[in-house]
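Colleague: I should be grateful for a close look at a single part of this structure, namely one tryptophan and its surroundings. Please place that residue in the context of the whole chain.

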Amino acid sequence: MTVEREDCAGPAGRARHGNADWLTGARITAVLGVYYRPEGRAGAPEAVEFVLAEDQSVLLTCASDRTLRVTPGSWPRLPDWCVPASQWHHAPPALLPPVPYGGAWTVVGTQEVRDDCGEVLQAVIRCEEGDFVVVAGDTMAIRFDPRP
(Lines give C-alpha, C1' and ligand atoms only; values in the text may rest on other atoms or scores of the structure.)
Protein backbone atom coordinates (compact mmCIF):
# COMPACT_ATOMS: atom_id res chain seq x y z
CA MET A 1 0.00 0.00 0.00
CA THR A 2 1.05 3.55 -0.54
CA VAL A 3 -0.14 6.21 1.87
CA GLU A 4 -0.67 9.88 1.10
CA ARG A 5 2.19 12.23 1.85
CA GLU A 6 2.94 15.91 1.55
CA ASP A 7 6.18 15.90 -0.43
CA CYS A 8 8.84 13.69 -1.98
CA ALA A 9 11.27 14.01 0.91
CA GLY A 10 9.32 11.85 3.37
CA PRO A 11 9.06 8.08 3.43
CA ALA A 12 6.78 6.47 0.88
CA GLY A 13 4.55 4.76 3.43
CA ARG A 14 4.45 1.03 3.14
CA ALA A 15 6.35 0.70 -0.07
CA ARG A 16 6.45 -2.75 -1.47
CA HIS A 17 10.21 -2.65 -0.78
CA GLY A 18 10.87 -2.21 -4.51
CA ASN A 19 9.87 -5.85 -4.84
CA ALA A 20 8.09 -6.38 -8.13
CA ASP A 21 6.61 -9.65 -6.85
CA TRP A 22 3.90 -8.19 -4.58
CA LEU A 23 1.12 -10.09 -6.38
CA THR A 24 3.05 -13.02 -7.88
CA GLY A 25 1.23 -16.32 -7.63
CA ALA A 26 -2.18 -14.73 -7.08
CA ARG A 27 -5.06 -15.90 -9.24
CA ILE A 28 -7.20 -13.07 -10.63
CA THR A 29 -10.81 -14.19 -11.11
CA ALA A 30 -12.20 -10.83 -12.27
CA VAL A 31 -11.08 -7.32 -13.21
CA LEU A 32 -13.72 -4.69 -12.46
CA GLY A 33 -13.92 -0.96 -12.83
CA VAL A 34 -15.58 1.15 -10.15
CA TYR A 35 -17.88 3.52 -12.03
CA TYR A 36 -19.90 6.53 -11.02
CA ARG A 37 -23.37 5.39 -12.12
CA PRO A 38 -24.61 8.67 -13.71
CA GLU A 39 -21.70 8.49 -16.17
CA GLY A 40 -22.32 4.81 -16.94
CA ARG A 41 -19.66 2.72 -18.63
CA ALA A 42 -19.09 5.54 -21.12
CA GLY A 43 -17.06 7.30 -18.43
CA ALA A 44 -13.66 6.07 -17.29
CA PRO A 45 -13.53 3.99 -14.13
CA GLU A 46 -12.63 5.86 -10.96
CA ALA A 47 -10.76 2.76 -9.77
CA VAL A 48 -9.87 -0.73 -10.94
CA GLU A 49 -10.37 -3.71 -8.64
CA PHE A 50 -8.60 -7.02 -9.21
CA VAL A 51 -10.64 -9.78 -7.55
CA LEU A 52 -8.45 -12.64 -6.34
CA ALA A 53 -9.30 -16.30 -5.87
CA GLU A 54 -8.50 -16.10 -2.13
CA ASP A 55 -11.60 -13.94 -1.40
CA GLN A 56 -9.44 -10.82 -1.47
CA SER A 57 -9.03 -7.96 -3.89
CA VAL A 58 -6.57 -5.25 -4.81
CA LEU A 59 -7.82 -1.73 -5.54
CA LEU A 60 -5.94 0.70 -7.78
CA THR A 61 -7.06 4.34 -7.69
CA CYS A 62 -5.80 7.71 -8.92
CA ALA A 63 -4.72 10.26 -6.37
CA SER A 64 -5.21 13.99 -6.95
CA ASP A 65 -1.54 14.26 -8.00
CA ARG A 66 -2.12 11.73 -10.84
CA THR A 67 -0.27 8.96 -9.06
CA LEU A 68 -1.54 5.44 -8.57
CA ARG A 69 -2.53 4.15 -5.16
CA VAL A 70 -2.51 0.41 -4.57
CA THR A 71 -4.51 -0.72 -1.53
CA PRO A 72 -6.43 -3.77 -0.37
CA GLY A 73 -9.87 -3.85 -1.97
CA SER A 74 -13.22 -4.50 -0.33
CA TRP A 75 -14.82 -6.79 -2.93
CA PRO A 76 -17.74 -7.46 -3.13
CA ARG A 77 -18.42 -4.17 -1.34
CA LEU A 78 -17.72 -0.86 -3.02
CA PRO A 79 -14.85 1.23 -1.64
CA ASP A 80 -15.80 3.44 1.33
CA TRP A 81 -15.37 6.61 -0.74
CA CYS A 82 -18.27 5.61 -3.06
CA VAL A 83 -20.84 7.91 -1.47
CA PRO A 84 -23.72 7.57 -1.87
CA ALA A 85 -23.24 3.89 -2.71
CA SER A 86 -26.41 3.87 -4.83
CA GLN A 87 -24.62 6.11 -7.36
CA TRP A 88 -21.71 3.67 -7.89
CA HIS A 89 -21.25 0.19 -9.33
CA HIS A 90 -18.69 -2.42 -10.37
CA ALA A 91 -18.53 -3.40 -14.04
CA PRO A 92 -15.94 -4.97 -16.32
CA PRO A 93 -13.94 -2.31 -18.19
CA ALA A 94 -14.37 -2.29 -21.96
CA LEU A 95 -11.91 -4.13 -24.20
CA LEU A 96 -10.56 -6.52 -21.57
CA PRO A 97 -10.58 -10.21 -22.48
CA PRO A 98 -12.83 -12.72 -20.73
CA VAL A 99 -11.36 -14.79 -17.92
CA PRO A 100 -9.25 -17.57 -19.45
CA TYR A 101 -10.15 -21.24 -19.40
CA GLY A 102 -9.64 -22.43 -15.85
CA GLY A 103 -11.38 -19.40 -14.36
CA ALA A 104 -8.45 -17.14 -13.50
CA TRP A 105 -5.34 -15.36 -14.70
CA THR A 106 -2.24 -16.42 -12.76
CA VAL A 107 0.09 -13.54 -11.92
CA VAL A 108 3.71 -14.27 -12.81
CA GLY A 109 5.09 -10.88 -11.74
CA THR A 110 4.42 -7.18 -11.42
CA GLN A 111 6.24 -4.02 -12.36
CA GLU A 112 5.74 -0.44 -11.22
CA VAL A 113 6.75 2.68 -13.10
CA ARG A 114 7.57 5.44 -10.60
CA ASP A 115 8.18 9.18 -10.85
CA ASP A 116 11.22 11.04 -9.48
CA CYS A 117 9.61 11.10 -6.02
CA GLY A 118 9.08 7.35 -5.97
CA GLU A 119 5.32 7.56 -6.46
CA VAL A 120 3.72 4.92 -8.67
CA LEU A 121 2.45 6.18 -12.05
CA GLN A 122 1.75 2.85 -13.70
CA ALA A 123 1.40 -0.77 -12.61
CA VAL A 124 1.89 -3.75 -14.89
CA ILE A 125 0.41 -7.02 -13.67
CA ARG A 126 2.01 -9.78 -15.71
CA CYS A 127 -0.02 -12.94 -16.25
CA GLU A 128 0.67 -16.07 -18.24
CA GLU A 129 -1.67 -14.90 -21.03
CA GLY A 130 -0.57 -11.24 -21.12
CA ASP A 131 -0.15 -8.04 -19.12
CA PHE A 132 -2.71 -5.81 -17.44
CA VAL A 133 -1.41 -2.24 -17.63
CA VAL A 134 -3.03 0.27 -15.25
CA VAL A 135 -2.10 3.93 -15.70
CA ALA A 136 -2.93 6.84 -13.40
CA GLY A 137 -3.73 10.30 -14.69
CA ASP A 138 -6.80 12.51 -14.69
CA THR A 139 -8.73 9.23 -14.88
CA MET A 140 -7.85 5.56 -14.71
CA ALA A 141 -6.83 3.69 -17.82
CA ILE A 142 -6.51 -0.08 -18.11
CA ARG A 143 -5.59 -2.27 -21.03
CA PHE A 144 -4.58 -5.87 -21.62
CA ASP A 145 -1.55 -6.62 -23.79
CA PRO A 146 -1.75 -10.31 -24.83
CA ARG A 147 1.39 -12.41 -25.07
CA PRO A 148 2.44 -13.24 -28.64
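Modeller: The account below begins with the tryptophan, then turns to the chain and its cysteines.

This is a predicted model, and the residue in question is W75, which lies in the loop between strand 4 (68-72) and strand 5 (88-91). With a relative accessible area of 35%, W75 is partly exposed, because that value falls between the 20% limit for buried residues and the 50% limit for exposed ones. Once neighbours within four places in sequence are set aside, the contacts of W75 are L32, E49, V51, S57 and H90. Of these, H90 belongs to the range 88-91, that of strand 5. V58 may also be located relative to the loop residue: W75 and V58 are separated by 17 residues in sequence, and their C-alpha atoms are 8.6 Å apart.

The chain around this loop has nine strands and zero helices, so that its pattern along the sequence reads β-β-β-β-β-β-β-β-β. Of the 148 residues in the chain, 42% are buried. Among contacts with a separation of 6 or more, 50% join residues 24 or more positions apart. The accessible surface of the chain is about 8,000 Å², and carbon and sulfur atoms account for 54% of that area.

Two cysteines complete the description. C82 is buried, because its relative accessible area of 4% is under 20%. C62, at 24% relative accessibility, is partly exposed. The structure contains zero disulfides.

Technical notes:
Residues are numbered from 1 along each chain as its sequence is written. This is a predicted model: local features need pLDDT of at least 70, side-chain atom pairs count only at pLDDT 80 or more; totals for chains, interfaces and linings use all residues. Side-chain values use heavy atoms; hydrogens and water are left out. Helices (H or I, at least four residues) and strands (E, at least two) are DSSP runs, numbered from the N terminus. Buried means under 20% relative accessible area, exposed over 50%, partly exposed in between (1.4 Å probe, protein chains only). Contact means heavy atoms within 4.5 Å. Accessible areas come from the Shrake-Rupley method with a 1.4 Å probe; for residues, only the protein chains shown count as cover. A disulfide is a pair of cysteine sulfur atoms within 2.5 Å.
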